Amino acid sequence: HKDYQPEQPIYYSHVVHAGVSQISCLYCHGSAQDSKHAGIPSVNVCMNCHVAVKTDSPWIKQLREAYEKGESIPWVRVHMLPDFVQFNHSPHIKKGVACQTCHGPVETMEKVYQHADLSMGWCVNCHRKPEHNASINCSTCHY
C-alpha cells in the first residue's frame, strides 16, 4: 500500500547511491531492462564497489560477511501487487518511462517507501494518456 516502508536487514540509503553518487537505477536493478522483474541486486553487485568503498562501515562488513559465505541479504520487498496482476518492467523501461514515474523520487529516499498506490485506476490513468499508446486490454495486466 501507499507509503509502505518496511525495515530492511541492512541500512541502505538511496540518497547516497542514486542521489549523491548518481548511480543509475539500472546498475543495481539491471534486469528491469530485459525481464518482468527489476530484481533486487545480489551481494555481488554491491561488492563491485564495496570491495574498496567504505569498507570500515558496519553495514558493509555485514555485506562482506554474506558475500564471503555465499549468502544473500534478505531484503524486504517494498512494492507489492496482488497475485492476479502481472507487471512487466521491460516494456516500460524500453518506452523511456522513468523509474520515478511509479517509484517516486527514490534518489531522495533515505529509506524506500511505496510512493504510489499502484491501484488499477492509477495504472490505467497513465495507460489512457494518448502519448503513451499503451494497451488498456484487461489481459495486459491480469492473468
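## Worked exercises on a predicted helical model

M109 is found in the loop between α6 (99–103) and α7 (120–127). The model that carries this residue is a predicted one, and the exercises below start from this loop before turning to other parts of the chain.

**Exercise 1.** Determine whether M109 is buried or exposed, and identify which residues distant in sequence it contacts.

*Solution.* The relative accessible area of M109 is 3%, and since buried means under 20% relative accessible area, M109 is buried. For the surroundings, neighbours within four places in sequence are left aside, after which M109 is in contact with S13, H14, V15, H103, G104 and H115. One of these partners, S13, is 96 residues away along the chain from M109, yet the C-alpha atoms of the two residues are separated by 7.1 Å.

**Exercise 2.** Carry out the corresponding analysis for V76, stating where V76 lies, how accessible it is and what it touches.

*Solution.* V76 belongs to the loop between α4 and α5 (89–94). Its relative accessible area is 32%, which falls between the 20% limit for buried and the 50% limit for exposed, so V76 is partly exposed. When residues up to four places away in sequence are not counted, V76 touches Y4, P6, E7, Q8 and P9. For the pair V76 and P6, the sequence separation is 70 residues, while the distance from C-alpha to C-alpha is 6.8 Å.

**Exercise 3.** Describe how α3 and α4 pack, giving the angle and the axis distance, the handedness of the crossing and the residues that make the contact.

*Solution.* Two packed helices are described by the angle between their axes and the distance between the axes. Helix α3 (residues 43–50) packs against helix α4 (residues 58–69) at an angle of about 125 degrees, and the axes are 10 Å apart. That angle makes α3 oblique to α4, and the crossing of the two helices is left-handed. On the α3 side the contact is made by V43, N44, C46, M47 and H50, and on the α4 side by I60, L63, R64 and Y67. Sorted by character, the residues of this contact divide into 6 nonpolar, 2 polar and 1 charged.

**Exercise 4.** For D3 and L118, give the backbone phi value, the location and the degree of burial.

*Solution.* Most residues other than glycine have a negative phi. D3, which is not glycine, has a positive phi near 75 degrees; D3 lies in the segment before α1 (14–20) and, at 47% relative accessibility, counts as partly exposed. L118, also a residue other than glycine, has a positive phi near 55 degrees. L118 is found in the loop between α6 and α7, where M109 is also found, and at 17% relative accessibility L118 counts as buried.

**Exercise 5.** Place these local results in the context of the whole protein: how many helices and strands are there, and what are the overall box and surface values?

*Solution.* The protein has 8 helices and 0 strands, so that its elements, from the N terminus on, run α-α-α-α-α-α-α-α. Along the principal axes, the C-alpha atoms fill a box of roughly 50 × 30 × 30 Å. The accessible surface comes to about 9,600 Å², of which 58% belongs to carbon and sulfur atoms, and 22% of the 143 residues count as buried. Finally, among contacts between residues at least 6 apart in sequence, 66% join residues at least 24 apart.

Key. Residues are numbered from 1 along each chain as its sequence is written. This is a predicted model: local features need pLDDT of at least 70, side-chain atom pairs count only at pLDDT 80 or more; totals for chains, interfaces and linings use all residues. Side-chain values use heavy atoms; hydrogens and water are left out. Axes are lines fitted to C-alpha atoms, for helices over the stretch in contact, and angles run from 0 to 180 degrees between N-to-C directions. Helices (H or I, at least four residues) and strands (E, at least two) are DSSP runs, numbered from the N terminus. Angles under 35 degrees count as roughly parallel, over 145 as roughly antiparallel, 65 to 115 as roughly perpendicular and the rest as oblique. A crossing is left-handed if the near helix is turned anticlockwise from the far one by less than a right angle, and right-handed if clockwise. Contact means heavy atoms within 4.5 Å. Ala, Val, Leu, Ile, Met, Phe, Trp, Tyr, Cys and Pro count as nonpolar, Asp, Glu, Lys and Arg as charged, and the others, Gly among them, as polar. Buried means under 20% relative accessible area, exposed over 50%, partly exposed in between (1.4 Å probe, protein chains only). Accessible areas come from the Shrake-Rupley method with a 1.4 Å probe; for residues, only the protein chains shown count as cover.
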